[in-house]
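Got your viewer open and a selection box ready? Let's take a walk through this one, stop by stop.

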Amino acid sequence: MATKSITLPDIGNYDNTPVIEVLVSPGDRVEKEDSLITLESDKATMEIPSPYTGEIKKVLVKVDDTLNQGDLIAEIEAEEEAEEPAAEEKPQEAAEKPAEEQPAAKAEEPAPAPAAEKAPEPAAPAADTPTPVNRQSAGAKSHASPSVRLFARKLGVDLANVTGTGPKGRILQEDVEGAIKKVMEGAAQGAVGGAGIPPLPEIDFSQFGEIEEKPLSRIKKLSGKHLSTAWLNIPHVTQFDETDITELEAFRKSLKPRAEKAGIKMTPLVFILKALAHVLREFPNMNASLAPDGENLIVKKYINLGVAVDTPNGLVVPVVRDVDQKGVFELSEELMDISARARDGKLTGADLSGGTFSVSSLGGIGGTQFTPIVNGPEVGILGVSKASMQPVWNGSEFEPRLMLPLALSYDHRVIDGAEGARFMTTLSRTLTDLRELML
Ligand code: CAO
């Protein structure tokens, strides 16, 4: 046993070659010829192998350092004396061969071998392209031949996430292919952790105290999957506003006796549905869906509003149809009917389909604002919070006004911020002065 310094051997006509990976840490046991670091010149990537078997004591380089022949890389407690790599020995240029044709580097290969032409930087994934797995993380320890490393890099595969099945745990091209296949299968099934998203850590919570594991309801499982899909696929923007509904509330109260007579509960939500239908006519892009190929917008000529209903088993979104063609009494009756059937678990498939835009109202419960998730493939959703009396400056004094907080989330691929703001302003104006509905 002896502590040996490992220095950069002659790697050819390369100066100040950057370190792109450090593959070992202090305490690691390495075999002779195991890779220690990867360098990347403007022409090639090359792994620098250990000339000794033993335990790494110190790592003297880090990612982004630049190295020249003779620079110290590491110190190792060597188990055997090894011949120093011949100073004049030149690495074999293997740059010309395409990655697929290159044989996996053998453990017995003596000298550092520049692997292949510099791998092009993997392009940043387009917003709608699922990345198979994370990009290679600097400093991750993984053993693979330069050709496999290049192959993985081209596909954006982080070798730290791949289990090697080759000799001494080396990662083979089949291992990289297998890792990609696994991710793609997961993504196809919509599995948690698919589409390149690192899964949340699995933690045994019982180690911290008593726990109880309860199954999620069927509705929660279904809506959870749908919400995750919408959240991941749609670039959301949420805009907030506060609308003066003082006059609306006075009108609603004036209608209450008639509503009660008809056995109807007339809440602010009915007026919001009515105003939304009016504004959606003016902003048809909000009453639309993006075609699956992302090339066209499918604008719907009907206005069917989904209304999020809180039930003991979870959230459901039944649809009120042709809202633009109905009055507030009819809408109230329908809203009462679908929310009652939702809570009794009696909705049919037809009740839940065909929506063009959704509303989620927490106004009856409380809160000042929240950010609703777009009910994809719809384009927009309105979140309604609890109205409260507030002092509003009218130019000469503060006046008590009933202010309703609204949040509009939309798919930014379809709606620009300015269009979203105009939609919100028009909706707000309509709710403040219901006479707008007649225009
Ligand atoms: N501001 C102040 N008060 C409001 C209000 C608002 N924005 N919206 C409703 N209210 C009042 C109503 O007027 C009613 O009061 P009165 O009984 O005195 O008239 C009370 O709050 C309860 O209303 P409601 O909730 O029963 O009726 P609604 O028409 O407003 O809503 C429904 C119906 C089905 C949407 C609602 O019951 C519900 O389920 N909301 C939850 C939706 C949800 O969970 N969204 C979150 C989805 S994301 O997880």
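The tour starts with the whole chain and then moves through a helix, some backbone oddities, salt bridges and a surface patch.

**Stop 1: the whole chain**

Keep in mind that this is a predicted model. Colour by secondary structure and you'll have 7 helices and 20 strands to look at in the protein chain. Of its 439 residues, 43% are buried. Turn on a surface: the accessible area is about 23800 Å², with 54% of that belonging to carbon and sulfur atoms. If you like contact maps, take the contacts between residues at least 6 apart in sequence; 62% of them join residues at least 24 apart.

**Stop 2: helix 6**

Select residues 328-343, which are helix 6. This helix has 16 residues and runs 22 Å from first C-alpha to last, close to the 22 Å expected at 1.5 Å a residue.

Now show side chains for Val328, Leu331, Ser332, Leu335, Ile338, Ser339 and Ala342, the buried residues of helix 6. Why do they sit on the same side of helix 6? Look down the axis: they cover an arc of only 140° around it, so they end up on one side.

What covers these buried residues? Bring up helix 4 (246-261) and helix 5 (268-282), which are both among the covering elements. Then add strand 13 (305-307), strand 14 (309-311), strand 15 (314-316) and strand 16 (319-320), which are also part of the cover.

**Stop 3: zoom in on Ile338**

Stay in helix 6 and centre on Ile338. Buried or exposed? Ile338 counts as buried, because its relative accessible area is 5%, below the 20% cut-off. Leave out its neighbours within four places in sequence, and Ile338 is in contact with Pro318, Val320 and Leu347. Try a distance label too: the C-alpha atoms of Ile338 and Val307 are 9.1 Å apart, with their positions 31 residues apart along the chain.

**Stop 4: both ends of helix 6**

Step just past the end of helix 6 to Gly345, where phi is positive at about 70°.

Then go to the other side, to Asp322 in the loop between strand 16 and helix 6. Asp322 isn't a glycine, yet its phi is positive, at about 45°. With 28% relative accessibility, Asp322 is partly exposed.

**Stop 5: more backbone oddities**

Some background for this stop: most residues other than glycine have a negative phi, and most peptide bonds are trans.

Select Glu33, in the loop between strand 3 (29-30) and strand 4 (35-40). Its phi is positive, about 85°, and Glu33 is no glycine either. Glu33 counts as buried, at 14% relative accessibility.

Next, jump to Pro377, in the loop between strand 17 (357-361) and strand 18 (380-384). Which kind of peptide bond joins Gly376 and Pro377, cis or trans? The bond is cis, with omega at about 5°.

**Stop 6: salt bridges**

There are 16 salt bridges in the count, so here are a few to click on.

- Arg29 and Glu31: their side chains meet at 3.1 Å, N to O. Arg29 is partly exposed at 45% relative accessibility, and Glu31 is partly exposed at 28%.
- Lys62 and Asp65: the closest N and O atoms are 3.1 Å apart. Lys62 counts as exposed, at 55% relative accessibility.
- Arg401 and Glu399: here the closest N and O atoms are 3.3 Å apart. Arg401 is buried, with a relative accessible area of 15%, whereas Glu399 is partly exposed at 27%.

Don't leave that last pair yet. Add Asp244 and Glu247 to the selection: salt bridges that share partners join Asp244, Glu247, Glu399 and Arg401 into one network.

**Stop 7: a nonpolar patch**

Switch the surface back on and select Ile203, Phe205, Phe208 and Ile211. Together they make a nonpolar surface patch of about 440 Å². To place it on the fold, follow Phe205, which is in the loop between helix 2 (173-188) and helix 3 (218-233).

Methods. Residues numbered from 1 in each chain as written. Predicted model: local features only at pLDDT ≥ 70, side-chain atom pairs only at ≥ 80, totals over all residues. Heavy atoms only, no water. Helix = DSSP H or I, 4+ residues; strand = E, 2+ residues; numbered from the N terminus. Expected span 1.5 Å × (residues − 1). Buried < 20%, exposed > 50% of the residue type's maximum accessible area, 1.4 Å probe, protein only. Arc of directions from axis to C-beta. Contact = heavy atoms within 4.5 Å. Patch = residues over 30% accessible without salt bridge, like charges linked within 9 Å, V, L, I, M, F, W, Y side chains within 5 Å. Areas by Shrake-Rupley, 256 points an atom, 1.4 Å probe, with all protein chains shown as cover. Salt bridge = Lys/Arg side-chain N within 4 Å of Asp/Glu carboxyl O.
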